[in-house]
Every structure is written in C-alpha cells, then in structure tokens.
Amino acid sequence: MQIFSTITQQLHAPQFEFFRGERVPCFETPSRINIILKEVAARGHQVTNATLDSQHIIECLHSPRYISFLQNAWPEWLRLSLNNVDKQPFPAVWPVRTLRTDRVPENFIAKLGFYSMDNGTPISAGTWLAAKNAADAAYSAADFINQGAHSAFCVTRPPGHHAGYDFMGGYCFINNAGIATEALRKFGCSRVAILDVDYHHGNGTQSLFYERCDVFFTSIHGDPRTEYPFFLGYEDEKGLGEGFGYNLNLPLPAGSTQTQWFNAFDHALNAIRRYQPDALVVSLGLDAYCEDPISTFALSHTDYLTIGKLIGRLNRPTIFILEGGYAVTALGINAANVLEGFENS
Ligand code: OKP
Ligand code: ZN
C-alpha cells in the first residue's frame, strides 16, 4: 500500500500533558510515527513524503479565525516572554454556559481556552507546520485515489478526529479525516463514508458532517458516559436536517471484550454497505488495542488483521488515516496488520 508521511511531524513535540492532576510525558509522540514507518517499510510498503498543498481544503473545514490562531499561536506565546521558548502554553479558562462566545478575547491564554475543548492539547514550536503537513498528506492521499489508486495510508501526526470547525482538542488541530473526505467530494465522489475505529469518539469529524447526507460517519468507541471526549458520542446522535440518519455512533462500555467490539464493527460495516459510498475514509486509531495505556478495550494483534480484512471486503477505494494509539511498541505491528488484512481480503 502507498504510505504518505511527513518529516515535519517531529517538530510537533510538546514535552508533557496533565493526567490525573500530574504532569506526565506526552502520550502522543513523534516515536509513534517512526515505529510505524519502520514496520510498514519492513513489510514492503512504499513510503513517500506528502507534497500537495491542502490550504484550500483546510479553509473549507475550519474557520478563518481558528486557522490564523493556530498559525500564530507559537509566535504569540513567545511574544508574552522570550523565556517561553522552552515552556508550554495551556488554557486555564473556558466559555461554559452563561459566558459569552461572541467576543474573542485578546489575552493569549484566554484565546487558548476559546479555541480548545480541553487542557490536553499542548502546542509546541512546530505544531502548525506538523498539523498543516498532516493535512497535506490527507489531501495527497485523496489525490492519489482520484488518480485511480485503490488505497493509501497516511502515517501522520498530530491526529485530527477531535478537531472541529473552530476548535482543537484531544491532541488534534486540523481534522485530517475531514480533509481527505472533503477532497474526495471535490474530486467527484458523491458519497463518502467515514469509519472511526479509534477508542475515543471522533467528535470533531462527527460535528463537521452532522448536517450532511453526502458524508456518512460511523464510530465505535468507549462510552462517553465514562470515556473521553465525554460530551459527544452517544447513540442518539443521528444527524440533523439533511444529515439525519447519516451519523451512527456505537459506544461500548469501558472494558468491552473482543466479541462486543466486533459485533459493533459488524453493525458499522453493514451500515456502510447500505450507504453505498464511492470511497471510504478510515480514522485508524490503534488505541482499542489491549495494551493501550489510556484505553480499556481488548483487541489483539490478530484482531487488527481481521479489521483490515473486513474493511477490504467492503471493496471501496480506501484512505486510512492514523489517529490515536499509545502502546508505542505495538503500533507498527497493528498498523501493518491492518494493511495486510486489507490487501489479502
Ligand atoms: C486522542 B485520540 C487529558 C488526558 C487525556 C484525552 C485523550 C485524547 C485521545 N488530560 N486526553 O482520540 O486517541
Ligand atoms: Zn483515541
């Protein structure tokens, strides 16, 4: 399978995040990509650096003010103090119910709260460039499919599925799956299905396409009653207006078994079959794996072969996009197993 990756992923390298009240090393690290690239190369897949400029697609999905906030965030942080060069900005206040969202504050930390759903999405010097190039890879993969290819895999970071129209969150800044989807639509696909198998609900992706029937979104994830992102991902979210019936959430209780997971997966695949999409975008989070440090599902290495095989049997042009997955040493095997299952379906 053709792999699209980016060198600049390394430049998004925040040092720490908050976890249960403590500063801990980031789970979402550059090594995640390196280990996947090593394994897919060893199994004979071709890796290229993405080159196409996705700026016009980014502008279809994200607000102008959010894009310029992201672009200027690090320089603004340094403007507060040059000592900030080795420090990380975090939001501290959010416009919850009763507070105004029609005024964008000028204070940089207040802007971080305005544009971020959580305090778990740290920014570093190279974040914009890395996120922009990950979106470029998603666009390049769509272009590759448009030229007649059957599949592609974007081995990129930061991930994207929590990022919405004008907010970041959950380690995500630009919605890469959304970029691939929007590009496929522009290239002439009338219907695109998005299958999100990350442990966490893809709230950003869902929200971007919630009122549209040209994009079907389905997701298998930890129940938001107990799992991140908590405030979206329930089964009663079915789409709105023209989009009603084109959103399918399949939340599973924390600690669900392999059998429970594959039952839900079967529902998702059948719904995609009924939709008859021209192309498929897979938000390939690898954190439903049993050893993932921040998740509670039980999938094994061989389950990822099965996932690839069952997706392959949909027999649609398919773009895989890496989302989460934090059991770093297992990521290469699990990612490469999906590709192997897909190609041998
Ligand atoms: C991103 B992806 C917050 C720690 C937990 C949320 C998990 C984000 C998962 N302080 N962060 O869907 O794998
Ligand atoms: Zn995840």
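User: Which backbone nitrogen lies 3.1 Å from a polar atom of the side chain of Ser-63?

Analyst: Happy to start there, and do keep in mind that this is a predicted model. Ser-63 sits in the loop between helix 2 (55–61) and helix 3 (64–80). A polar atom of its side chain lies 3.1 Å from the backbone nitrogen of Tyr-66.

User: Is Ser-63 buried or exposed?

Analyst: Leaving out residues up to four places away in sequence, Ser-63 touches Tyr-165 and Asp-166. Its relative accessibility is 4%, and buried means under 20%. Ser-63 therefore counts as buried.

User: Which protein residues are donors of the zinc ion (ligand 2)?

Analyst: Let's look at the atoms lying 1.9 to 2.8 Å from the zinc ion. In sequence, the spacing of the donor residues reads D-x1-H-x86-D. Asp-198 appears twice, each time with an OD atom, while His-200 gives ND1 and Asp-287 gives OD. The donor residues are Asp-198, His-200 and Asp-287.

User: How many residues apart are His-200 and Asp-287?

Analyst: This pair of zinc donors links distant parts of the chain. His-200 is in the loop between strand 6 (192–196) and helix 7 (203–209), and Asp-287 is in the loop between strand 9 (279–284) and helix 9 (301–312). Both are buried, His-200 with a relative accessible area of 8% and Asp-287 with 0%. Along the sequence, the two are apart by 87 residues.

User: What is the arrangement of the six donor atoms around the zinc ion (ligand 2)?

Analyst: A good reference point is that six octahedral donors would ideally show angles of 90 or 180 degrees. Around this zinc ion, the six donor atoms subtend angles of 52 to 159 degrees. Because of those angles, the arrangement is irregular.

User: What radius of gyration does the chain have?

Analyst: The chain contains 10 helices and 10 strands, and its C-alpha atoms fill a box of roughly 55 × 45 × 40 Å along the principal axes. For 345 residues, a compact globule would have a radius of gyration near 20 Å. The value for the chain agrees with that, at 19 Å.

User: What percentage of the 345 residues in the chain are buried?

Analyst: Some background on the fold helps here. Of the contacts with a separation of 6 or more, 77% are between residues 24 or more positions apart. The chain exposes about 14100 Å², with carbon and sulfur atoms supplying 52% of that area. Buried residues make up 59%.

User: Why is helix 4 (residues 108–115) largely enclosed by the rest of the structure?

Analyst: The buried residues in helix 4 are Phe-108, Ala-110, Lys-111, Leu-112, Gly-113, Phe-114 and Tyr-115. Helix 3 is included in what covers them. Helix 4 is largely enclosed because the number of its eight residues that are buried is seven.

User: Which residue has a side-chain oxygen within 2.9 Å of the backbone nitrogen of Ile-109?

Analyst: This contact is found at the start of helix 4. The side-chain oxygen that reaches to within 2.9 Å of the backbone nitrogen of Ile-109 belongs to Asn-107.

User: Which residues is Pro-14 in contact with, leaving aside its neighbours within four places in sequence?

Analyst: Pro-14 is in the loop between strand 1 (2–5) and strand 2 (16–19). At 11% relative accessibility, Pro-14 counts as buried. Its contacts beyond those neighbours are Cys-26, Gln-88, Pro-122 and Ser-124.

User: Where is the proline whose peptide bond from Tyr-228 is cis?

Analyst: The bond from Tyr-228 to Pro-229 is cis, with omega near 10 degrees. Another cis bond runs from Arg-157 to Pro-158, with omega near -5 degrees. Pro-229 has its place in the loop between strand 7 (215–222) and strand 8 (247–252).

User: What is the phi of Thr-98 near?

Analyst: Thr-98 lies in the loop between helix 3 and helix 4. With 80% relative accessibility, Thr-98 counts as exposed. Its phi is positive, in a residue other than glycine, and is near 80 degrees.

Definitions and conventions: Residues numbered from 1 in each chain as written. Chains lettered and ligands numbered in written order. Predicted model: local features only at pLDDT ≥ 70, side-chain atom pairs only at ≥ 80, totals over all residues. Heavy atoms only, no water. Helix = DSSP H or I, 4+ residues; strand = E, 2+ residues; numbered from the N terminus. Buried < 20%, exposed > 50% of the residue type's maximum accessible area, 1.4 Å probe, protein only. Polar contact = N/O pair within 3.5 Å; in protein donor to acceptor, adjacent residues only side chain to side chain. Contact = heavy atoms within 4.5 Å. Donors = N, O, S within 2.8 Å, 3.2 Å for Na, K, Ca; no water. Tetrahedral: all angles 85-135°; square planar, octahedral: opposite > 155°, others 65-115°. Rg over C-alpha atoms; globule rule 2.2 N^0.38 Å. Areas by Shrake-Rupley, 256 points an atom, 1.4 Å probe, with all protein chains shown as cover.
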